[in-house]
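Hello,

Here is the structure I promised to pass on to you. Have a look at it first, and then read on for what turned up in it.

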Amino acid sequence: MRLLLSLLFMAKKKRRPLEETVEKIHQGDAALREELIESYKPFIAKTVSSVCKRYIHESDDEFSIGLIAFNEAIQKYSSEKGNSLLSFAEVMIKRRVIDYIRQQSRNQNLSFNISIDPTEEEQQRSTIEDELSLDEFRKKTEQDQRRDEIIQFQAVLKDFDLSFQDLLEQSPKHADARKNAMLVAKSMVENEELKNLLLDKKRLPIKQLEDRVKVSRKTIERNRKYIIAIALILIGDYVYLKDYIKGVLET
């Protein structure tokens, strides 16, 4: 689903797919391993912070644990397992950091000669694990909601004789053109008359739009289907789809 949305709304990136990068690393490209780890340090810090419930600096021991875990994830990752590298790495990092926190807790208690209440320790362990389970549940819920939103949007597109395939084939290829088409759609829905014309006639009010925006008629006609789709998202109650549009418009 996310790949489909990225194809529709986001600028196309020329970066190598992670799977291809990991495969080259497995073949012995040590420099590429270092490059990958360096570029994903913010991801590592964010993942570690989510477990520790505080901001993590690169100088913190917990960050080092996360770094080691990310490297381990690269080594053990296989695309045949179905998960993405980042999903696999996230689980690996969280597990290693939790193990580290437990070990530190045990060492601290021993060094101060404090008797450990087994019940209290088990409760602490359960709390961390419950938080991780809750995090996974939230992610699953968000995925389900995003999927349902796309299914609803597909039904609306059908009323306008459009499909996702149409949008993939005819969406603007360049980031600037895509952004300009979104601005045209935004301008249209902000005008009550033009918005109603779109919804009532099930087609783009090209002549009226031409008078309102600084875009040529030819450009509007060429991007007609894409502009309609963006306008429908802006009009409808689409939380996740609107986030994609917002991300493009704010760049």
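Helix α4 is largely enclosed by the rest of the structure, because nine of its twelve residues are buried. Those buried residues are K41, F43, I44, A45, T47, V48, S49, V51 and C52. Please keep in mind that this is a predicted model. The helix covers residues 41-52, and at 1.5 Å a residue it should span 16 Å; the end C-alpha atoms are indeed 16 Å apart, so the two values agree.

What happens just after α4? There, K53 takes a positive phi of about 65°. Most residues other than glycine have a negative phi, and K53 is not a glycine. K53 sits in the loop between α4 and α5. Is K53 buried or exposed? Its relative accessibility is 56%, and anything over 50% is called exposed, so K53 counts as exposed.

On the far side of that loop comes helix α5, residues 61-76. Two packed helices are described by the angle between their axes and the distance between the axes. For α4 and α5, the axes come within 9 Å and cross at roughly 120°. The two helices are therefore oblique to each other, and their crossing is right-handed. On the α4 side the contact is made by K41, F43, I44, A45, V48 and C52, and on the α5 side by E62, F63, G66, L67 and F70. Each of the α4 residues in that contact is also among the buried ones.

There is an annotation to go with this part of the chain. In the unreviewed UniProt entry, residues 61-74 carry the label "short sequence motif: Polymerase core binding". In the model this span is 100% helix and 0% strand, with its end C-alpha atoms 20 Å apart.

Further along you will find helix α9, residues 175-189. With 15 residues at 1.5 Å each step, α9 should span 21 Å, and its end C-alpha atoms are 21 Å apart, which agrees. Buried in α9 are R178, A181, M182, V184, A185, S187, M188 and V189.

Next, a second pair of helices to look at: α10 (residues 192-201) and α13 (residues 224-235), whose axes come within 12 Å and cross at roughly 110°. That angle makes α10 roughly perpendicular to α13. Where they meet, α10 contributes K195, L198 and L199, while α13 contributes I228, A231, L232 and I235.

K202 lies in the loop between α10 and α11, the latter being residues 206-212. Like K53, K202 is not a glycine, yet K202 has a positive phi of about 60°. With a relative accessibility of 38%, K202 counts as partly exposed.

The same unreviewed UniProt entry type also gives a "DNA-binding region" for residues 206-225. Over that stretch the model is 75% helix and 0% strand, and the end C-alpha atoms are 12 Å apart.

Finally, the whole chain. How many helices and strands does it have? There are 14 helices and zero strands. Of the 251 residues, 36% are buried. Among contacts with a separation of 6 or more, 64% join residues 24 or more positions apart.

Happy looking, and best wishes!

Definitions and conventions:
Residues numbered from 1 in each chain as written. Predicted model: local features only at pLDDT ≥ 70, side-chain atom pairs only at ≥ 80, totals over all residues. Heavy atoms only, no water. Helix = DSSP H or I, 4+ residues; strand = E, 2+ residues; numbered from the N terminus. Expected span 1.5 Å × (residues − 1). Buried < 20%, exposed > 50% of the residue type's maximum accessible area, 1.4 Å probe, protein only. UniProt positions renumbered as here; feature names shortened; annotations may be inferred. Axes fitted to C-alpha atoms, helices over the stretch in contact; angles between N-to-C directions. Parallel < 35°, antiparallel > 145°, perpendicular 65-115°, else oblique. Left-handed = near helix turned anticlockwise from the far one by under 90°. Contact = heavy atoms within 4.5 Å.
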